[in-house]
Amino acid sequence: MEWFTAPEYWQGRLIFQRGLAVVYALAFLAAALQFRALLGERGMLPIPRYLARTPFRRSPSLFHLRYSDRWFAALAWFGVALAVAVALGLADLVPLWAAMVLWFALWVMYLSIVNVGQAWYAFGWESLLLEAGFLAIFLGNDTIAPPLLVLLAARWLLFRVEFGAGLIKMRGDRCWRDLTCLYYHHETQPMPGPLSWFFHHLPKPLHRVEVAANHFAQLIVPFGLFAPQPVASVAAVIVIVTQSWLVISGNFAWLNWVTLLLATTAVSGYPLLPDAPPVAGPPGWFMGAVFAFVAMVVVLSFWPVRNMLSTRQAMNASFDPLHLVNTYGAFGSITRVRQEIVLEGTAAEHLDDDTEWREYEFKGKPGDPGFRPRQWAPYHLRLDWLMWFAALSPSYARSWAIPLVVRLLENDRDTLRLLRHCPFPDAPPRHLRARLYEYHFSTPTQLFREGIWWRRSLIGEFLPPLSRERLERRRQ
């Protein structure tokens, strides 16, 4: 059955699978390094408490069998090791069935984390990684040529990511339709990168060109993915270029990276990579598994398609707890003004107008006006992202804001590891407060003369001064 495989996409499969394994490794690494403060037994949103009120059918996870911080850490670090091994080629050195087991193990372990991650894992790129990771199981390894049906499923996933994002923009904020959204977005996006200041200061006519190009890339180009070659390759290259543009202009975890990797599977032939080696035909059991997988994608696509066609299109929604076939889309509305929560502590026992307050600094989110934004993506700083949402509305922080304050008032070691700077290294503060500021990128003159990347002005209080004693009285 020659039609079943497509040897000309061997290099695309290689790039996609190795790259996806790297993303898996970073996702597991972020989980291993951040979970104790966020989700651990003494975390802000403890997993044991979540498991006690959530049945397995709603959040399938290995942690329903047993949970401890040690078990979570072991699973996360094993995920890192396994993903690195796959990125280095382990899946291509073993039999086909064993390669599928490796990819399946990565998917099950990361699904287990996402399904207990609560607010910290409520992002579209979690579903995207899981859906792409499940698809990778059926792409095979070097023992067979890439299955054509699975390659088409990858294009269908890429289509939903791009076209869904394009639709949500056209149906959402008017600035997408009048081409002005990028007057604001580079400045107000959740976590700016080191080049975001420069992107923001591009001439406004160029910003309008950026938006128009984005509409073309997301609403027109995706249909080209299903055209004959070389049109499909051209469409994929356009996606790769536009996603690369997003990579260098901001920090969106691995959203752009997985999208870019999916596009590599639609490119036929890479001149710098060797041609596909001679391989045997696919075994019958594997063909059956591929047919079953594709049939599942077809059936489960009903809900994402219905969502895309709906005038009330939802962004980044999963329709099943396994995150097998999802709907995507982001930034249907754009904030015009950036607001940031700044946490401050003091060692003073009694508060007055002369009290000295010192600021905590985060690794990614803006704080100190003189600190240049860093490039973190595809690594994901989960607390930094949720702080951006909390600045938009306190409701986003209702479940974890006070636990965060409590942990900072205790100088909790795991929580302090999530920060860039703690102003109280020797003893915890007596009081902690949160203030809300309006942030704008500095002007070129301010940057080059004063060395500041941001200018800010105080809006008001986000949280009043809190102490451990006051919080204990509130709990009583």
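## A walk through strands, a helix, surface patches and salt bridges

Strand β7, covering residues 431–441, is mostly covered, with nine of its eleven residues buried. Please keep in mind as you look around that this is a predicted model.

Which strands pair with β7? On one hand there is strand β3 (residues 338–346), which pairs with β7 in the antiparallel sense over nine bridges. You can find one contact of this pairing at G345, whose bridge partner in β7 is L432. On the other hand there is strand β8 (residues 454–466), joined to β7 by nine bridges and also running antiparallel to β7. Here, try looking for A434, which stands opposite L463 in β8.

Next, let us turn to a helix. Helix α16 spans residues 401–409 and is mostly covered, since seven of its nine residues count as buried. The buried ones are A401, L404, V405, V406, R407, L408 and L409. To read such a list, it helps to know that an α-helix has 3.6 residues a turn, so residues three or four places apart point the same way. After α16 comes N411, which has a positive phi, near 50 degrees.

R407 of this helix also takes part in a salt bridge: its partner is D412, and the closest N and O atoms are 2.6 Å apart. Are D412 and R407 buried or exposed? Both are buried. The two also belong to a network of salt bridges that links R42, R407, E410 and D412.

The structure holds 17 salt bridges. Three of them are set out here, each with the distance between nitrogen and oxygen.

| Salt bridge | N to O distance |
|---|---|
| R18 and D92 | 3.0 Å |
| E359 and R456 | 2.5 Å |
| D412 and R407 | 2.6 Å |

The side chains of R18 and D92 meet in a salt bridge. This pair links distant parts of the chain, with R18 in helix α1 (residues 10–38) and D92 in the loop between α3 (69–87) and α4 (96–114), 74 residues apart. R18 counts as partly exposed at 27% relative accessibility, whereas D92 is buried, with a relative accessible area of 16%. Why does D92 count as buried? The cut-off is under 20% relative accessible area, and D92 has 16%, so D92 is buried.

E359 forms a salt bridge with R456. E359 lies in strand β4 (residues 358–359) and R456 in strand β8, so the pair ties together parts that are 97 residues apart in sequence. R456 is partly exposed, with a relative accessible area of 27%.

Now for the surface. R49, R53, R57 and R58 gather there in a patch of positive charge. Of these, R49 lies in helix α2 (residues 47–53) and is partly exposed, with a relative accessible area of 48%.

There is a nonpolar surface patch too, made by L195, F198, W245 and I248 and amounting to about 340 Å². W245 lies in helix α11 (residues 231–249), and its relative accessible area of 40% makes W245 partly exposed.

A last stop is P277, placed in the loop between α12 (255–264) and α13 (284–300). P277 counts as partly exposed at 34% relative accessibility. How many residues apart in sequence are P277 and T143? They are 134 residues apart in sequence, and 9.0 Å apart in space from C-alpha to C-alpha.

Technical notes
Residues numbered from 1 in each chain as written. Predicted model: local features only at pLDDT ≥ 70, side-chain atom pairs only at ≥ 80, totals over all residues. Heavy atoms only, no water. Buried < 20%, exposed > 50% of the residue type's maximum accessible area, 1.4 Å probe, protein only. Helix = DSSP H or I, 4+ residues; strand = E, 2+ residues; numbered from the N terminus. Pairing = 2+ DSSP bridges. Patch = residues over 30% accessible without salt bridge, like charges linked within 9 Å, V, L, I, M, F, W, Y side chains within 5 Å. Areas by Shrake-Rupley, 256 points an atom, 1.4 Å probe, with all protein chains shown as cover. Salt bridge = Lys/Arg side-chain N within 4 Å of Asp/Glu carboxyl O. Lys, Arg positive; Asp, Glu negative; His and termini not counted. Charge placed at Lys NZ, Arg CZ, Asp CG, Glu CD.
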